[in-house]
Amino acid sequence: MPFGLLKYGLSRKHPVERHFPLPTELKPAYDVVIIGAGGHGLAAAYYLAAYHDITNVCVIDKGYLAGGNTARNTAIIRSNYLTPDGVRFYEESLALYRTLSEELDFNILYSERGHFTLAHTDAALRTSRWRAEVNKHMGVDSELIYPDDIHRLCPSLNLSHDVRYPILGALYHPPGAIARHDAVAWGYARAATRRGVEIHTNTEVIGIHEENGRVTAVETTKGVVRCGLAMQAVAGSSGRVAKLAGFRLPIKTIPLQACVSLPLKPFLDQIVVSGSLHIYISQTPRGELVMGGSTDPYGLYSSRSTLDFKEGLLGHMLELFPFLGDVHVARQWAGMADMTPDFSPIMGLTPLDNYYIDSGWGTWGFKATPVCGRRMAELIATGRVPDILYPFRLERFAEFAQVGEKGAASVGH
Amino acid sequence: MIADNRLPEPYGRLIDRRRPIDFTFERRAYRGLAGDTIASALGANGEWLLSRSFKYRRPRGVLTMAGQDGNTLVQIGSEPNVLADLRPIAEGLAAEGQNYDGFLNQDRGRVVERLARFMPVGFYYKAFFKPKGAWKFWEPIIRNRAGLGKVDVHAHHGYFDKQYLFADVAVIGGGPAGMSAALQAASSGAEIVLIDDMPELGGSLGYARFESQGVRGAAVASRLRRRLAGHKNVTVLSNCTCTGLYGDNWLAAVAGQRLYKIRAKSVVVATGSLEQPAVFRHNDLPGIMMGSAAQRLIHLYGVKPGRKAVVLTANADGYGVALDLDDAGVEVEAVVDMREAPVATIMTRSVANRRIRVLAGHTISEAIENRHGEHLAAVLVNRIVGEGRYERGATIVGCDLVCMSVGYTPAGQLLHHAGARFAYDEATHMFQPAELPAGVLASGSVNGAYDLDAVLAEGIRAGWLAARDAGMPVTGSEPVASYDSGARDLTHPWPIFPHKKGKDFIDFDEDLQVKDLVNAIADGYDDIELLKRYSTVGMGPSQGRHSGVAAVRVLAKETGRPVSALGVTTQRPPYRPVKFGHLGGRGFEPVRYTAMHHRHIELGGRMMLAGLWLRPAYYGVPADRDKAILEEVLAVRRNVGLIDVSTLGGLDVRGPDAAELLNRLYTFAYAKQPVGRSRYVLMTDQSGVITDDGVACRFHDQHFYVTATTGGVDAVYRHMLFWNAQWRLDVDVANVTAAYAGVNLAGPKSRAVLSRLCSDVDLSAEAFPYMGVRQGTVAGIPARLLRVGFVGELGYEIHVPASQGEALWDAIMAVGALEDIRPFGVEAQRVLRLEKGHIIIGQDTDGLTHPLEAGMGWAIAKNKPFFIGGRSIEIQGSKALTRKLVGFIVDDKSAPVPDECHLVIHRGEIVGRVTSAVRSPTLDATVGLAYVAPAQATPDTQFEIKVAGGRMIRGRVISPPFYDPDNKRQAM
C-alpha cells in the first residue's frame, strides 16, 4: 500500500484538493491566449508558466477539458520514426514522458510495453529496416527482427505461413509505451492552473481580430479577449481555426476510428501494429484491448463511427490473433485527424506575426504532447523557433522541404 | 444448496418441461430445461451467485435477466464474458464464474474490499509513482488484477458469417410498440424486418403485469403475434440483437454466429426502457434485482426468484411485482414505497387486499449479507425524511430477495448511434428523445410511452410514419397518440440513499459508490464527460445503462445545477458487446492468381506476395534459393528465360484525346509518339513526387496500351478516371490488368524461340526494333508484342487474353525447350534490372522523391504546357538538390553486400541510404543504387555505407547501367 493513499483511508472526509479551480469570468486581456484545451494547449500553458514565468495565460476550448482528440486517441507513445528530424523530435517527447508523472505530481500511468510494427511484404521489411537503421544511428532502441524473435517476445501472435499475409519480420521498439491519455491532459491542467493559468472550457472561438498583420484579440462565445499573442492547438479543427486567422493550411481532416473490447485478463503485453493490415492493438491496465487502424477513406468533419471500420479492423485482427473470435467489442468511437501531405505536424510561425500554430497532428499527436508543449512554450517566450521545431514549419510545403514520415506514421500508432 | 425453485405451469412460457438439459457451473452438475438461460437454470437450482465484481471482487448475481448488466458475465470454455442471463443452456455446457482467486463462493481476492477506503476515486493518479521507480513495482501488480474473462491463446477460430438484408422498414424491438408499428407499416405493403433479441415476440407483454389480474399482457401479445403471422411481408428475426444503427439506416444485427447487415429506408426503434436500480448500502448483493428481472424469471422461465421478498418501489409497477411474487408463492414481507403518498390504483388496492404490508415514505437503507457473504439475508428499512436522507431507527426485515422498481430510463442507445439528442423531462424525471434524425422513429417506452394503450397507439403512429418515410402509400393522416403516456409517477427523482459506510453502489460494473462520484466532482471533474473519464462511471461492460442517470443526478446535486443542463454522455455502438468473429466474418481476403499460376507451382515456384497477387520469387527449393536465382540470371544473360509479368498493370486508353490525357498525366511527351512505338511513362503527383511508371504503347493514333506497376495500377486507374472527368477529355480508360496475361521472353535466344511461334510479325531487328510494339499472333493466340528492356537483353513482352495465358506459357516452354529455356522469378528479375540500373518505383523512390534527384530529368518533357507535378518539378529544378540517387559499386570484394536501406553516412550525419544492392553474378561485383549527398554524386566519388553491425564500407559512384553500358544487347 503506497504511503500516499493512507491519508485517504485514515481521514474521515475526502481531502479536497480540486485539481482545477472553479470557473471564473474571462478577463478582458491576457498576455497569451491558447486556443484549444487539449493535451498540447495545456502542456504549452504549463511550460510557459513553469519554465518561462509567463502566467497571464488563458486556455480556451469550445468543449470540455481535453475532450477532443486527447480524449479519443489510443495513447501509444514511441519514437521509431523515419526521418532524423522526426526521430529527434519524438525522442525528446519520450524522454519527457518518462519523468512526466514526477514532473506533474500526477501519475499518468506511463507503461513501457514494447512496440512491434509487423512487416508482411518485402516493401514493409525495407521500410522497417530503414527506420531501424535511422533509429539506431540516432541512439533510439529499435531493431528489425524476424519471426523466431517475434515468437519469443510475443508468443500469441500467429506466425503461420498459412494466412493471407504471413509475418515476415517486425520493427521492434522496446521503449514503445502507453499511458493514460486523459491523465496527461489533467496533469498539465492541474499543474498549469496552480501556477495561475486560466482554463475556460465551453468557450468557443468565433473570430480572431487582426491589425497590421498582428493578432489583437480573440473573439469567443463569451466575449472578446485581447491578447499579446495567441497560439492555436486544435487538432481536428486546425483548418477551421486557421481560417478565422486568415490563412490556409495544407491539411485534410479525416475521421480516425478506434474501438475497445470488454475487459480480459492480461495476455498481451506488447503494442502490435501492422501497416499492411492497417491495424494496431494493445491491452490497457484495465484489461481492455484498444484497437484501431488507419484513417477513413475520405475526408469528413464527423465523429460518427461506422460498421465497415470494425469489420475491416477485426477481420484483420483475427489474422494476427485467431483466438480472439469470441472476444467482444464493447465500444467504438471516432476522432478527427488533421492529415498533412508528409505525415508530419506543422508547428511554429504563421503569416501573422504574433500567432503561432500547433497543428497537422494527424494520427500522431498524443505521443508528441510534452515536447510540443515545451517547445511551443519556448517559441512563445523567446520569439525564436527552436531548432527541433524548425523542420516542421508551415513554409516547408512551399519550399519543397517536407519531412516525409508516411512510412512511419500512416498506421504507425 | 440445490433447491428446486421451478414454478408449475403455466409459468415459464419459454421453457420446455419435457426436455431436461444437463450442464455444469463451476464444475458442479445442474439440470435445467430447454429454453433456460444459464442464469435461469441456476436460479431454478437455487444458485444465484454468478460472478465477482471488477474491483472489489464482490459477489454478484442476476440484476436484469435481460442481458443488460455486467453481473452475469461468465466464462464458457475459451469464450470469455458470456451473458449468463441471455445464453441458453446446452447439453454438456460447462460454465464458470470470472474474476476470482480460489473458488467463486470463497474468493481470496475479496480481501481488497477491506482496503477500499485507501482507494479513493482516481487513486492511481494520486499514488504509486513516488519515489522514482515505484511505478515499475506497482504497475505489474495492478495490471495483473485487471480484466474479467480469460482468453485461450490456443482457441480455434470459430465459424462466423454475414448476410445482407434489405427492408423498407426495419423495426427494432418486438414488444407491444414494435409489433404494432410493424403491423401498421406492413399494412402499407412495405417489406418489414422485425428484430427482437428474445426467443418469442412480446417484450414486456410476456412478463409485466398491466392490470391486477395479470392476464392482459399475454392476451395482447398473442393477438399481435397472430396478426403479424398473417403478413407475408414481415420477416421476424428472433434471438437477434440489433447492435448498431449507423449512417443512412445501415443496421448491424447479430444472431447466433451470423452478422446481419441491413439497409432500411426507415427505422422504428422500439427498444423499450431499462429499469433503474436504487442506491443503498450493499445494493449489489445477489438476491437484489430489478422488479422486471423477477417477473422475467417467474413468467418466462418459471423460476421462483426467492422465498421471502421485499419490493422496493416508487411506482405502480412495483405493486404488480408484489402481486406476481405473491401469486408465485414468494412471501412478500413488505412493499417499501419511496413515495410519501402513493397514488391509489387498482394494483395498490389489490396489494392491500392481499394484506401485504406497505411502508410508504420508506426506503431500504442497507442490505445485509448472509453468513457466507454471498447472498442477501435481510434489509434495513428506514423512514425517508428528505432527498436521499432517512431517519435513524431502522426496521430489519429478513428476506432473500429484493425487487427494485423505482424507475426507468429509455433504452435509447440505437437512437444515440443515429445522432438523436435526448433531453431531461422534469415532469417525469426521465430523459426523452428530443430530436430524431430523418428516417428514424422512436416508439413505445423508449419514446416516453409507458401505459399499454399509449404504447400500442404510439406503435401505430410510428409504423404509419415509417411507411410514409419509406415511400410507401399510406392512407389517412398521421395517427395521433392521444392516450396519456403513463410516464408520470414512474421514476423517482432521487432513488439514492448514500450510506456513511459506503458500498452504496451507483455503478456495479466498476464498483463505484456514491462517495466516489462526489469525491471525483470535488476533485474538479464536474463535467459529465470528465466525471465519467475520471471515475470510470459507465465505462464497464454495461456502458452505463444503470449508472448513467444516477451519475447525472449526483453531479446535478453536487454542482447545484439542474439535470436538464447537464445532459448524458454519448452512447456509442455497439448496443451490446459484439464478437470479433461476427465482425470479422469469414475473412474474404482476395488472392489473385495469374493465368499461369498452376504452372509455376508445378515447376517448383516459391510464391511471394505482389500486391494482391502471388508471383514466383524463384523456382526451386528454399535450401538452394541462391543457386536457383543465380542460374535463372545466367539463363537470361546467356540463353533465354521466361517470366510471368501478368500482374503488371495494363490500361487501355482510347479516344481522340488519348495522347492529350497521357501528356497531362505523365512527364514525357506523347502527342507525336509514332504508332508502333512505346515510350516510357513517369507519373508524378502535384508536388512533383514520383508515383508510378511504365510504358505507353501506341497501337493506333487514338489507342495507347499503358502499363503501370503491379501495386500502383489501381491508383493510376482511379487517377486517370478522376482527371479525365475533371478535364472532360474525349477518352475512354479501361483497366485491363486482369484481362491480359503477359510474359517476358528475354535473353539472346528469345527471338529464335519466338520465331517458332509467331509468323505474322516480322521479328527482325530492322522491322521490329527495340521499343517497338506490334500486334500479331503467337502460338495462334492474338497477342500484343512489346520490345522492352527491363532486364537488359533482347526480349519480348507478349500480352494475350488471360484465358490464353496458360496456353501461351505452355507453347513457349515447349518450343523453348530446344533452346534450354528456363523460367525465372521476381528475384532474378531484380538482379537483372539492377545490373541494368533500372529503378523500381517504391523501392528506389520514396514518398518524397522527385524526378530530378532520381536522375530522371531525361524523362521530363521540356516543351509541353502542362503536366501534373510539372510546376513543382520546375521549382525544384531551380533549387539545389538535397540528395541524389546514384549507381555505386563496392570495390572491396570482401565487404558484405549492403542491405536495402542501409544508411549512407557523411561526417556522422545521415545523408542517404542504399535502395537496392546486389552481388551481381554477371559483373562479379556488388553494385547498387543509393541516395547520397549531392556533393558525393559525381562518378568515382567514394562514400560510406553503414552496414549490419555498424560496420562502415565504401561505395564508389559509377553511372548505371552497370551491365552493357552501351545498351547494345537489348537492341539486338
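**Exercise 1. Determine how strand β1 of chain B pairs with β2(B), and place both strands in their sheet.**

Step 1. Strand β1 (residues 16-25) of chain B and β2(B) are joined by 7 bridges in the antiparallel sense, where strands are DSSP runs (E) of at least two residues, numbered from the N terminus, and two strands pair if DSSP finds at least two bridges between them. The model is a predicted one, in which local features need pLDDT of at least 70 and side-chain atom pairs count only at pLDDT 80 or more, while totals for chains, interfaces and linings use all residues. Residues are numbered from 1 along each chain as its sequence is written, and chains are lettered from A and ligands numbered from 1 in the order in which they are written.

Step 2. Within this pairing, B:Phe25 has B:Arg28 of β2(B) as its bridge partner.

Step 3. The open sheet has 5 strands in the order β2-β1-β7-β5-β6 (chain B), with mixed pairing. Because β2 (28-34) and β6 (79-83) of chain B stand at the edges with a single partner strand each, one side of each is left without a neighbour in the sheet.

**Exercise 2. Decide whether the residues of helix α4 of chain B are buried or exposed, and find what covers them.**

Step 1. Helix α4 (residues 176-186) of chain B has 11 of its 11 residues buried, so it is largely enclosed by the rest of the structure; helices are DSSP runs (H or I) of at least four residues, and a residue is buried if 20 or more other C-beta atoms, placed from the backbone, lie within 10 Å of its own.

Step 2. The buried residues include B:Pro176, B:Met179 and B:Gln184.

Step 3. Among the elements that cover them are β10 (161-172), α5 (216-229) and α10 (452-469) of chain B.

**Exercise 3. Describe the contact between chain A and chain B.**

Step 1. Chain B brings 87 residues to the contact and chain A brings 73 residues, two residues being in contact if their C-beta atoms, placed from the backbone, lie within 7 Å.

Step 2. On the side of chain B that touches chain A, helix α3 (residues 134-145) of chain B gives the most, with 5 residues.

Step 3. That side of chain B comprises 38 nonpolar, 25 polar and 24 charged residues, with Asp, Glu, Lys and Arg counted as charged, Ala, Val, Leu, Ile, Met, Phe, Trp, Tyr, Cys and Pro as nonpolar, and the others, Gly among them, as polar.

Step 4. Strand β17 (residues 328-339) of chain A runs antiparallel to strand β32 (residues 578-579) of chain B, joined by 2 bridges, and A:His328 stands opposite B:Lys579.

Definitions and conventions:
Buried ≥ 20, exposed ≤ 12 C-beta atoms within 10 Å, placed from the backbone.
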